[in-house]
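Work through the exercises below with the sequence and coordinates open. Each task is followed by a solution in steps.

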Amino acid sequence: MPDFSYVRSEMLPEKAPPKSEVGIYGWLRTNLFSSVTNSILTVVALYFVVSLLRGVLPWAFSPTWGAESLSDCRGILHELGREGHFAGACWGVIRERWTQLLFGFYPIEALWRPLVAFILLGVAMAPVLFTSVPKKLLWFSAVFPFLCFWLIWGGSIWFPLAIFAGLLLAGVAFILVTRYSGSTLVGVIATMLVPVLWWIFFTDPVSSAVHFVLPISLEQVESQNIGGFLLAVLIGLTGVTLSLPLGVILALGRQSDLPLLKYSCVAFIEFIRGVPLITLLFVASTLLNYFMPPGTNFDLVLRVMIMVTLFASAYMAEVIRGGLAALPTGQYEAADSLGLNYWTAQRLIIMPQALKISIPGIVSTFIGLFKDTTLVGIVGLFDPILLSTNIRADQAWNGVLWELYGFIGLVFFIFCFSMSRYSMYLERKLATGHR
């Protein structure tokens, strides 16, 4: 018989993990002091962080919220024995002008309207961003852009609803024409023609007639009174919402086998990407009116929204085209083997995977677009940067600089950081990364 006395016949009892591998000590050792080089880098980085905080925190936590002018701020700091240009921030300018930075010159008595619109924006975005929200709210998401237009600009409620009716007619036209003609192409053409004809010939008379019978309206607000972060959110949200579907269409058109469609999309994408956004904004503010019929009042904010959307859609098309190119050919072959036509394959197999791959690039484009809204000050719209210049032109706040830019940068950071966090959440949810 062989001797198995060296083989253990019972299990060893479990022991607690080493203290050097768990808890805060284990985390510090693993992430900050895992080697001599990392330990030195950690100490140097901590030195710079502490030095920066020692200078920034006393400046940031300055008791000057009640100041009425820059001289009042300096007086308060002088009483505290804090002298020098960077002895403390003058936060009184933010307390006094925060409404102007957020809403521009929007009437004070009507500020409830953009606030309600912002709350409703969260309700409208919830079913789009999160799967746990009831999908019935998607109907409200579809109506919200027109309701937001009415709340912000005012006027008759029937005008934006008449514009929304054009989109409903487009959907009905696509279903009916496709069913009776048997051609998807004819249905798509009808989908484009019906709403355009409705908006040109019927929107205004129909909305005016309904308003005459049932007048529901808000006081109208001129576009030049809309500014600050309200303007940035309006332009950015419009560009983000419309550039994604336009980018998908342009990306598919660029890969089309139809030469005319393909080269038209290529020309549009390359032209837009080769021209600075500032140039397009100048075109929107000056040249676009020359293509309108005489007497046409084409709102400047609307013109800027159109140009920003076109600009973003060209970049979005290239991001999505990269996602389409990253798909293995086996996915296309699988769709063909199932007997799916082009649009069904794109909707069920190709485009969902391409969009998942493209999530980081899509969100980066969205963030860049939102930050680029500060360029609209070039064409005379009151973006936050231009408003800060106007505030500093006031004699009471002449010389205040870092406080205004810091507040603007903080608000932009909150928006952009939220988008990046949602991007990471979506990637984890859809398992787009490598495991």
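The exercises cover confidence, one helix, the nonpolar cores, the cysteines and a few single residues.

**Conventions**

This is a predicted model, in which local features need pLDDT of at least 70, side-chain atom pairs count only at pLDDT 80 or more, and totals for chains, interfaces and linings use all residues. Residues are numbered from 1 along each chain as its sequence is written, and side-chain values use heavy atoms, with hydrogens and water left out.

**Exercise 1. State the confidence of the model and find the helices where it is lowest and highest.**

Step 1. The score is pLDDT, the predictor's confidence in each residue, from 0 to 100. The protein averages 86, and 95% of the residues score at least 70.

Step 2. Elements are DSSP runs numbered from the N terminus: helices are H or I with at least four residues, strands are E with at least two. Confidence is lowest in helix α1 (residues 23-31), with a mean of 81, and highest in helix α4 (residues 92-103), with 91.

Step 3. As a general caution, predicted coordinates should not be read in detail where pLDDT is low.

**Exercise 2. Determine which residues of helix α17 are buried, and what they pack against.**

Step 1. Apply the accessibility classes: buried is under 20% relative accessible area, exposed is over 50%, and partly exposed is in between (1.4 Å probe, protein chains only). In α17 (residues 384-392), the buried residues are Pro-384, Leu-387, Ser-388 and Ile-391.

Step 2. These residues lie on the same side of α17, because they cover an arc of only 105° around the axis. The arc is taken over the directions from the helix axis to the C-beta atoms. An α-helix has 3.6 residues a turn, so residues three or four places apart point the same way.

Step 3. Look for contacts, meaning heavy atoms within 4.5 Å. The buried residues of α17 pack against α4, α10 (228-254) and α18 (402-430).

Step 4. Inspect the start of α17: a side-chain oxygen of Asp-383 comes to within 3.0 Å of the backbone nitrogen of Ile-385.

**Exercise 3. Describe the largest nonpolar core and name the element that gives the most to it.**

Step 1. A nonpolar core is a set of buried Ala, Val, Leu, Ile, Met, Phe, Trp, Tyr and Cys residues joined through side-chain atoms within 4.5 Å. The largest has 55 residues, and Tyr-106, Ile-152, Ile-226, Leu-234, Val-304 and Leu-324 touch the most other members.

Step 2. Two or more residues of this core come from each of α5 (112-129), α6 (138-153), α10, α12 (277-287), α13 (300-326), α15 (342-357) and α16 (359-372). With eleven residues, α13 gives the most to this core.

Step 3. Another core of 28 residues lies apart from it, including Ala-67, Leu-70, Phe-229 and Val-411.

Step 4. Take Ile-152 as an example. Not counting residues up to four places away in sequence, Ile-152 touches Tyr-106, Arg-113, Pro-114, Ala-117, Val-221, Ile-226, Leu-230 and Leu-234.

**Exercise 4. Find the disulfide that the structure holds, and explain why Cys-148 is too far from the closest cysteine sulfur for a bond.**

Step 1. The criterion is a pair of cysteine sulfur atoms within 2.5 Å. The structure holds one such pair, joining Cys-73 to Cys-90 with an S to S distance of 1.9 Å.

Step 2. Cys-73 is in helix α3 (residues 70-79) and Cys-90 in the loop between α3 and α4, 17 residues apart.

Step 3. The torsion about the S-S bond is about 65°, so the disulfide is right-handed.

Step 4. Check accessibility: Cys-73 is buried at 2%, and Cys-90 is buried at 3%.

Step 5. The sulfur of Cys-148 lies 19 Å from the closest cysteine sulfur, in Cys-416, and therefore too far for a bond. Cys-148 is also buried, with 11% relative accessibility.

**Exercise 5. Is Ser-256 buried or exposed, and what does Ser-256 touch?**

Step 1. Ser-256 lies in the loop between α10 and α11 (259-273). Its relative accessible area is 17%, which means buried.

Step 2. A polar atom of the Ser-256 side chain is 3.1 Å from the backbone nitrogen of Leu-258.

Step 3. Leaving out residues up to four places away in sequence, Ser-256 touches Leu-261 and Lys-262.

**Exercise 6. Classify Leu-138 by accessibility and list what Leu-138 touches.**

Step 1. Leu-138 is in helix α6 and is partly exposed, at 38% relative accessible area.

Step 2. Leu-138 touches Pro-127 and Val-128, not counting residues up to four places away in sequence.

Note on methods. A polar contact is a pair of N or O atoms within 3.5 Å; within protein, one must be able to donate a hydrogen and the other to accept it, and residues adjacent in sequence count only if both atoms are side-chain atoms.
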